[in-house]
Structures are given as C-alpha cells and as structure tokens.
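Me: I am new to this structure and would like to go through it slowly, one question at a time. Please show it to me before we begin.

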Amino acid sequence: MEPKIKETAWNPEIEKQILKQWEDSGIYKFNPQGEVFVIDTPPPYPSGRPWHIGAAAHYAQIDMIARTARMIGKSVLFPIGIDRNGLPVEMYTEKKYNIRMRETDRTEFLKLCATALDDLESEMIHIMKNLGLSGNFSEYYRTDSEQYRALTQATFIELWKKGLIYIANRPNNYDWITGTTIADAEITYEEIPTKLVYMKFKIKDSDKVLIIASTRPELLCACQAIIVNPEDERHVYTIGKSVIIPIMNREVQIRTHPSAEKEFGSGAVMVCSYGDQNDVALFRELKLREIVAIGKNGRMTEAAGLYAGLKVKQAREKITEDLQNQGLVEKVESINHRTPISERSKAPIEIIPMEEYYLKQKESVEKIKELSSKIIFHPTMHKQILTNWLESITIDWPISRRRFYGTEIPIWYCKKCSEPHIPEPGKYHRPWKDPSPISKCTKCGTTEFVGEERTFDTWMDSSISPLYVSKYGRDEEFFKKTYPAAIRPQSKDIVRTWLYYTILRCEQLTGQTPWNEAWIMGYGVDEHGTKMSKSKGNVIDPLPIIQKFGADTFRFWSASEINLGYDFRCSEQKIETTRKFLSKLWNISRFLSGFPVIKSAKTTPADNWILSELDKVVSECKRGFYDYNFFIPSTSIREFTWNLFAAHYIEMVKGRAYSSSFSEEERDAAIFTLHKVLSTLLLLLAPITPFITDHLWQTLYSDKTIHKEMFPQQEDHEDWTRFTKPITEFNSNVWNKKKEQNLSLKDSIDIDIPDELQQFAKDLQAMHNLKSR
RNA sequence: GGGUUCAUAGUCCAGUUGGUUAUGACGUCGCCCUUACACGGCGAAGAUCCAGGGUUCGAAUCCCUGUGGACCCA
C-alpha cells in the first residue's frame, strides 16, 4: 500500500491552512453548556517591540490549559484581552512625539496614546493567533474600552457606597518625574552610589558636638528629632538634651528609639519628613509635626530656606558644600545606598504628604487569607509569595493617580462647598470633560460642579478582569455560570499586585474568590540565565522564530523546557532542535500511513509489551495535565515515542507488518498496535502541538478535527513493562555485535535469544535477521 | 537582616514514598543511505550528584551546618 503521507518532513506552512480551518469552523467557540471552565487570561500590555519570548511561551502554555480542559470534556471560555491603561504608553507617546503630557491638550494626548497602542497591539494579536491560541479573538476586549472602563467605575461606585473608599492626606510615595503617587507594590529597590555625610550637631548648653550621618542632608530643614538607641552607651548622656541643627539653627530634641542602629554612622539618626518609610512611622509614633520640604515638582519648598527651588539632588550637593565650608562636616563616605525607585520611571521615590483616595485593604487581610487558603496554587510553592505579601500590608491602597491615560475617577465636586458627588453606575464617565450628571449639591444646593481630573491606578482596572469576562453587572445569568472562574494563569512577578488586588476587589464586590485555581509561571531568561531586558540587548523576538520553525515547534519547546513555576532559559538553538521531534512524529506517521487502520486484533507478546508501556505514558501524562504542568507529558511522550516506540517496537514489528513469514493474524496485530499507539500519542499531544496532531489525525484517522476528541483512558493492560529492559538491552547487544564484526544491520548473525525473551523470538529474529536454529 | 528557591557530565534537565550499574536531550567523537525518517540510525567518551556532618544495613534523595547563585521582602 502506498503511504498516504508523501513528504519526508513536517512543513510548518501547513499550520496556516489549519489555522484557517479552525477559524472557519469556529471549533473553539464558547458554549455555556455542561461544566464550564473559565480562564482569567492575563491581558498583555503592549509596551513595545519585540514582544518578550517568555510571554509568548507563557501564552502558548495558557492555551495548553484551555485545550486540556476541553479534552476532559469541559466547556472552555478562553477570553483574549489587551491591557491598555497606564503609564508606559504615556511615556512612550511623550518620547515618540517629543511632547510633555501636562503641556499637551488632554484630548489630543489621549488620542496619540490610543494610536500608539493600536499599533503595538496588532502585533501581539498577530503572534497570539499564529501561536494557535484557541481563544476568543472575535470578541477580544480592551481595558480602555468604554464598556470596561464603565465597569471599573461602577465597581468603584459600589465600593464607595459600601464605605470602603476614603480620601486622606498622608505621606505618599511620590514619583516626581511622572508626577504621580504610586503604591508600595510599584516600588523597586536599587543600589545607588551616594554620599553619607557625617554632620556636626552642636549640643545645646554644652561645648560637645553630636555626629549624625545621613544620606539626605537636604532634609535638615525638615528634621524634627534626633534618635539614639536606648542601649547605646555612647549617647546616654545626650538623652533629653537638645541639639542645634546646623545651617538651620533650629533646636530639636534627642530621644531614644530602638530603630536607631548602633552600627549605622555614629549611632545617632535624624528624623525628617520624610527620608524614608521609617521616618513616616517615627513621625506618627513620636507625634512630630511634619515639615513639607519637597514639592510635587521635585524641588525644595520654601521650608528649605536658602535652598528653596532647587531640585533635591542639587540641594543635597549645595548643602553638603555649605556644611563643609562652615566646618560642620566630620567626613563624607561614598556608599551604595539601597534606594526606592519607581518601577516605571526609575525616579527615586520621595515621600510627600498628599491628598489621595484610598481603598481600604487592611481590614480585608484576614478574609483574604481565608479565601486564598481555598485557592489551589500550581505549583504550591508560589502561594508563599502571596502569604508573605499579606503579612506585610500595613497601609490602605492609594488608588488615585495624577495621570491622563487611565480610567477616570468618577467624581464631581461642588464648586462652592467641595462636597464630592458620585454619578450613577453603568455609563463611562469622564469628569474632566463631561458636564456634571449631578444637578444639585446635596449639601449646599449649588448647581455648579467641578470634575475630578485624576485617574485610577491601573491595577484598579486589571483587578476586575474575572468580573469583566463573566459579564458582572451586565448579564446575571452568564455571570452565575461563569463566576468564579476556574483558573488564573499568570507570572510570578505580579503575585503581589495583580493576583492580590484581584482577590481583594472580588472579595469586596462578590464575597467570593475570583477563581478556584491559580497557575503561576516563572520568567523567561536568556541562555546564560540572566533576565532579558531591552537595555541589556538580550531580548529574543519570538515572531521570527515562530515563522521559521512553526508554532508547534515553539509550543513543544515551551512545554518541554518549562518546568512549572521555575524560570526557563530561552535559546534559539534549543528551539531549533525541538523541531526534530516533530519530524520524528511525522515520519512515524508516514510509515504507518502505508498500512490500513485495523480496529481490533489478537495481540502478541511484543504488542502487549508496547501497549503496556503506552499505558504508563497515558497515566504519566494524566498526572502532568491534571497539574497543568506540560513539562511532564511532553518529556514523557518524547522519550517513549523516540526511545521505545520508534527505536525498538517499530523495528521489531516491521517484518511482521510487511508480513514476510508471519500469519495474517500476526500481521494485523502489529498494524493494529502501531495505529493504537500512534493515535493515542496524537491525542495526548493535541493540547501541546495542536497543528501537527490535527493534520495527522485528519489524514489518518478521521474526517473531523482532533480538537473535539477526549483524552484517551488507561486500558489497564497486564503489566509487561518488566520486559523493557531485557528487550532494549538485547537489541543493543545485537547492534553492538554487528558493529564489532563489521556487519551491516541487515546482515545475518548468530546470537542466542535469552530464555526470558523467548516469547518475542519470532519478532526479534526477523528484526535482526538472526540465524534460526 | 528576613523569606522563597536552586546547586547532578562542556551545557540544559529527570530522578515519584531512601534500595543494585544515576534519566534523557543538546553538544563532542567514531562508524553507517539498514525499503518511516541524514531534521536519520548505531556506537563511544564524558558526573568526587556544591562542601562538611548526622540518621540508616543502605543517602543524589531525609535532617543539621556552611558556601555559592537567582528572585522577593524589609
């Protein structure tokens, strides 16, 4: 029989036809029947080219989750979204057009941002489609759409009515480059070289001086206390006394506090508003009066006297110089200081008192701990990231931002008495340009209003993604069926932001967990194990790789390289060698395509042996799929296919399949078994490599797609796996002997078959052309 | 300073509840067109399982201490 498959290698070009077939037939369309499985897909942020290869690998795996769920019989809702709110696009736009956000007309600026996003977004959609994602592309959502933003605002209004929102003037993390308050979660720390200045403070009514070391001498004007450690004997005599602040010539008291480290500088520390978070705590604890030394423009305020108007860094240099000139400096040390910086703009954070909106979260922590104990984490170890974060929450969440490209905070203030008013939920509100929907102030009766200009922290938008995809507030019936979602897949670096905020918000709004399971992935790093970043120039663009090797190669690489939860290395060379496996699978199929499909047969010992090994693979795969860990099925399938099925079984039964000296029954058993194994492998591989498996399935076994099939079950064959080692060893032994004797593999040789393998004798004899005796 | 995590051939990785000779892949070297596949086949070389100690008849595996790396938090 002529093989149906002619080509000797898998051609990734075929993927395009298959993609079209899927699209035309709509096989992945969500049908809310039966057991529903909703994936809270992370909407990627279009932050610029190229898209990170790790992200592409990540989405390939999320698709495997979707396909796995389908193959165990669930109705899968796999939404596709794009996250479009926030700072990066504003910065991208400022740079691209060389403009300043605050100096540009707001409407105009927003338009430019949206255009930039459209552009970047289309490439991501293109990659996601070409990766073979079985998601809902026809209804992909954007977090900046009117509908999405209306939901963000509606949930805010709901929380406002529940009394969970308040406004407060507090020291806040402030990023003066982007001109906005940021949350703790958006801060990173970097070792930055700086000067540690040892300043001389004169002790009042004494001729002694106290040395105080600080990296922030420009904050002398905001110094309200000096603290020393109560156990520090060097300073006991100073406690309760006052010192004169150099340059400022103002008196402050010396007090004791355990947070003053004896080892730091001289052991005495100045407490200023605000050098760091510890200062904030001390001001509160010691009930000090704050002095605002740094303004929103990142410059010193009037409180700084001579130094008013200077940028923080300039003021630091100038005051250090002045102190030195006046002999008030003992010494200056160069150190590396762990400095909090804004994750986005890289500006050093200043702590400045500002009026912002807060969402209460402290009182929810216990409830969230309880809820999160019900969420199954894959892998379990990453639950710890959430637990640690929950332990460290000390303040409520500041949710207002002084930016443009975000969801507007829907509030109008009475022009006369400033009373805030919120509109009706359901509509998208833009208070900075829309007329007030409120006609009369509830407090003073005035009819004129001023719209709020600020926007929300972007996590306010993204933290309701499970509510959005479940049509919360839009379609009660649909919501009931699809919420909570089944699973949240995401990467581990945003556990304390996206994952946490989603649980928080969903708990406050629905009282339930947003999902039953969370699936946490590591980062993609380069081939040397270092993090990829544009500045290092080690970013790998996934698009050319997918085009060159095909999506299935990329996907199989992703599955077999990424062990769930751990960081993974990305190298083109490794992806390239993965292609060989698909080629192997293709050629096995090509060989089998020359034989008819036989539905049942009376199997021989050799057949029973491989079927029993196949059973083992099925159960291994099940274990992996159950944990959404595709490393397990992909590697166990590859090893079985290559090293047992192709290398040993196929070689053993070739003679029987071609039926030279075997009975028809024996031949049919071989052909039956070959197809049984291959079709099982195709089903097991379908979620991982959907293209090649569908193509082969339709070529060999069915006129329908493989993606409507169910996973194969274990068949509980009698366990023949004890023969695996003897068989493979015997074969190796024969090959070695032939090599030693310089014989070709088809040459005849005289070797005894060991007793334990007698039941396989006929196949082995044909395979090696053993001399019969 | 606290936490999470990792440490196995030149490289990457497996090793399930402790049990003979430590898995597989890439790479390297040698031989080979054997009618599915040269994107292939066969073979070979290559590992003090980070160090030290403990538990045990027996440790890559469990416990302790240390070293080094990655990431997170203060």
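Me: How many nonpolar, polar and charged residues does the surface near RNA strand B have?

Reply: This is a predicted model, in which local features need pLDDT of at least 70 and side-chain atom pairs count only at pLDDT 80 or more, while totals for chains, interfaces and linings use all residues. Residues are numbered from 1 along each chain as its sequence is written, chains are lettered from A and ligands numbered from 1 in the order in which they are written, and side-chain values use heavy atoms, with hydrogens and water left out. A residue is near the strand if one of its heavy atoms lies within 4 Å of it, and by class the surface near RNA strand B has 15 nonpolar, 10 polar and 14 charged residues.

Me: Which helix gives the most to the surface near RNA strand B?

Reply: Helix 9 (383–391), helix 16 (572–592), helix 18 (631–658) and helix 21 (724–740) each supply at least two residues of that surface. With 11 residues, the one that gives the most is helix 16.

Me: Which base atom of RNA strand B lies 2.6 Å from a polar side-chain atom of Lys739?

Reply: Lys739 is among the closest of the 39 residues that surround RNA strand B, where sugar and phosphate account for 68% of the strand's atoms that come within 4 Å of the protein. For Ala646, a backbone N or O atom lies 3.4 Å from a base nitrogen of RNA strand B. For Lys739, the atom at 2.6 Å is a base oxygen.

Technical notes: A polar contact is a pair of N or O atoms within 3.5 Å; within protein, one must be able to donate a hydrogen and the other to accept it, and residues adjacent in sequence count only if both atoms are side-chain atoms. Helices (H or I, at least four residues) and strands (E, at least two) are DSSP runs, numbered from the N terminus. Ala, Val, Leu, Ile, Met, Phe, Trp, Tyr, Cys and Pro count as nonpolar, Asp, Glu, Lys and Arg as charged, and the others, Gly among them, as polar.
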